[in-house]
Amino acid sequence: SSPGGETQVIGFADLVRFTELSLHLDDRKLADLVGRFDSLVHDVVVGYDGRIVKMIGDAAMFSIVDPAQGALIALELTDAVERDPILGGLRIGIASGPILARDGDLYGPVVNTASRLAAIGRAGAVNVNQSLRDELAGDRRFSLRSLGQRNLRHIGEVRVYRLRAGSMGRHPVSSDVLRSSKGSR
């Protein structure tokens, strides 16, 4: 167990249409699909020194301390899944704020917010909370557009922003471009 209240970026990445896809796959193909997603998430999150908190079937929860690295993870994951001929689409919610770490899992309103932000997204969308938007403001690698207030289940009204790649080019982002930006921490 670690002390609570540490500010982190929490992300939820959720495969779109997974249930529908899984109905048409035999056990081996379904296992391949899940394995492919697990592997992709691992490569991207660990590549940015993030932590995979847990894999939940067709979803992944990750954490990282640095806001820009969290945004880069989200953009690269979205891009990689969009380019994959089998995985289809991904929607991601990322939020920053204080979390409680206990027994290897993370808890708190920020975790719930990130999860709900993913749930209201469409394929290819990365939704972020106000706190993370404020931390990314001014970083030209990112473009943030307000989606206004959204009522998130069991949370209430939250200002939501759509994250995209900034001056590096329009989303989807080339993984090579993102990787080259990792060295400039």
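**Figure 1. Strand β6 and its two covered faces.** In this predicted model, strand β6 spans residues 126-129 and is covered on both faces. Val 126 and Val 128 lie on one side of the strand and are buried. Asn 127 and Asn 129 lie on the other side and are buried as well.

**Figure 2. The strands that pair with β6.** Strand β4 pairs with β6 in the parallel sense, over 3 bridges. One residue pair to look for is Ile 92 with its bridge partner in β6, Val 126. Strand β8, residues 156-165, runs antiparallel to β6 and is joined to it by 3 bridges. Here Val 128 has Tyr 161 of β8 as its bridge partner. Val 126 and Val 128, which take part in these bridges to β4 and to β8, are the two buried residues on one side of β6.

**Figure 3. The salt bridge between Asp 14 and Arg 91.** Side chains of opposite charge can pair when their charged atoms come close. The whole structure holds 8 salt bridges. In one of them, the side chains of Asp 14 and Arg 91 meet at 3.0 Å, N to O. Asp 14 belongs to strand β1 (residues 6-16) and Arg 91 to strand β4 (residues 89-102), so this contact ties together parts that are 77 residues apart in sequence. Asp 14 counts as buried because its relative accessibility is 15%, under the 20% cut-off. Arg 91 has a relative accessible area of 22% and is partly exposed.

**Figure 4. The salt bridge between Lys 54 and Asp 105.** The side chains of Lys 54 and Asp 105 form a salt bridge with an N to O distance of 2.9 Å. Because Lys 54 lies in strand β2 (residues 51-56) and Asp 105 in strand β5 (residues 105-107), the pair ties together parts that are 51 residues apart in sequence. Lys 54 is partly exposed, at 31% relative accessibility, whereas Asp 105 is buried, with a relative accessible area of 16%.

**Figure 5. The salt bridge between Glu 20 and Arg 17.** Glu 20 and Arg 17 meet through their side chains in a salt bridge of 3.8 Å, N to O. How much of each residue is accessible, as a relative area? For Glu 20 the value is 46%, which makes this residue partly exposed. Arg 17 is also partly exposed, with a relative accessible area of 45%.

Notes. Residues are numbered from 1 along each chain as its sequence is written. This is a predicted model: local features need pLDDT of at least 70, side-chain atom pairs count only at pLDDT 80 or more; totals for chains, interfaces and linings use all residues. Side-chain values use heavy atoms; hydrogens and water are left out. A salt bridge is a side-chain nitrogen of Lys or Arg within 4 Å of a carboxyl oxygen of Asp or Glu. Helices (H or I, at least four residues) and strands (E, at least two) are DSSP runs, numbered from the N terminus. Buried means under 20% relative accessible area, exposed over 50%, partly exposed in between (1.4 Å probe, protein chains only). Two strands pair if DSSP finds at least two bridges between them.
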